[in-house]
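Work through the exercises below with the sequence and the 3D structure at hand. Try each task before reading its solution.

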Amino acid sequence: LLDVGAGDGAVTETLAEALGLRRRDVTALEVSATLRAKLARRRFRVADSLEEDQDSKKSLIKRREGSYDVVALLNVLDRCDDPVGL
């Protein structure tokens, strides 16, 4: 599960549980440092972008051959400047 704009993780947690996923198998993207800290306390993998650690061995983007089975974009498209470009 990749949750883009994960917020405080409440919905991320619900989605993970519904999908039977362990928290370490969930990547939560969030631009807010305060909310990233909350996501980390919930034990999700956290980043502010997919590019954040693209070159590291722990790269989120390289995970599982670069794919995710589920991507959530709840409350994201309506808040970005270029939803089509996203």
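Two strands count as paired if DSSP finds at least two bridges between them. The model used here is predicted.

**Exercise 1. Describe the order of the elements and the build of the sheet.**

Step 1. List the elements. The protein chain holds three helices and four strands. Read from the N terminus, they follow the pattern β-α-β-α-β-α-β.

Step 2. Test one pair of strands. Strand 1 (residues 2–4) and strand 2 (residues 27–29) are linked by three bridges in the parallel sense. The cut-off is at least two bridges, so strands 1 and 2 count as a pair. In one of these bridges, Val-4 has Leu-29 of strand 2 as its partner.

Step 3. Place the four strands. They form an open sheet with parallel pairing, in the order 3-2-1-4. Strand 3 (45–47) and strand 4 (71–72) each have a single partner strand and stand at the edges, so one side of each lacks a neighbour in the sheet.

**Exercise 2. Decide whether Ala-72 is buried or exposed, and find what surrounds it.**

Step 1. Locate the residue. Ala-72 belongs to strand 4.

Step 2. Apply the cut-off. Buried means under 20% relative accessible area. Ala-72 has 8% relative accessibility, so it counts as buried.

Step 3. Look for contacts. Leaving out residues up to four places away in sequence, Ala-72 touches Leu-1, Leu-2, Asp-3, Val-4 and Leu-15.

Step 4. Check a distance along the fold. Ala-72 and Ala-28 are 44 residues apart along the chain, and their C-alpha atoms are separated by 9.6 Å.

Step 5. Turn to Val-71, which is also placed in strand 4. Its relative accessibility is 47%, so Val-71 counts as partly exposed. Together with Leu-73 and Leu-77, Val-71 makes a nonpolar surface patch of about 230 Å².

**Exercise 3. Find the salt bridges and say which parts of the chain two of them tie together.**

Step 1. Count them. The whole structure has three salt bridges.

Step 2. Take Arg-23 and Glu-13, whose closest N and O atoms are 2.9 Å apart. Arg-23 lies in the loop between helix 1 (10–19) and strand 2, while Glu-13 is in helix 1, so this pair ties together parts 10 residues apart in sequence.

Step 3. Take Arg-42 and Glu-13, which meet at 2.2 Å from N to O. Arg-42 lies in the loop between helix 2 (33–41) and strand 3, so its bridge to Glu-13 in helix 1 ties together parts 29 residues apart in sequence.

Step 4. Take Asp-25 and Arg-22, with 2.8 Å between N and O. At 46% relative accessibility, Arg-22 is partly exposed.

Step 5. Look for shared partners. Glu-13, Arg-23 and Arg-42 are joined into one network by salt bridges that share partners.

**Exercise 4. Judge how far the model can be read.**

Step 1. Start with the whole chain. Its mean pLDDT is 83, and 81% of the residues reach 70 or more.

Step 2. Find a weak stretch. Residues 53–57 have pLDDT below 50, and this stretch has seven contacts in the model beyond near neighbours in sequence.

Step 3. Draw the conclusion. Where pLDDT is low, predicted coordinates should not be read in detail.

Methods
Residues are numbered from 1 along each chain as its sequence is written. This is a predicted model: local features need pLDDT of at least 70, side-chain atom pairs count only at pLDDT 80 or more; totals for chains, interfaces and linings use all residues. Side-chain values use heavy atoms; hydrogens and water are left out. Helices (H or I, at least four residues) and strands (E, at least two) are DSSP runs, numbered from the N terminus. pLDDT is the predictor's confidence in each residue, from 0 to 100. Contact means heavy atoms within 4.5 Å. Buried means under 20% relative accessible area, exposed over 50%, partly exposed in between (1.4 Å probe, protein chains only). A salt bridge is a side-chain nitrogen of Lys or Arg within 4 Å of a carboxyl oxygen of Asp or Glu. Patches are made of residues with over 30% relative accessible area and no salt bridge: like charges are joined within 9 Å, nonpolar side chains (Val, Leu, Ile, Met, Phe, Trp, Tyr) within 5 Å. Accessible areas come from the Shrake-Rupley method with a 1.4 Å probe; for residues, only the protein chains shown count as cover.
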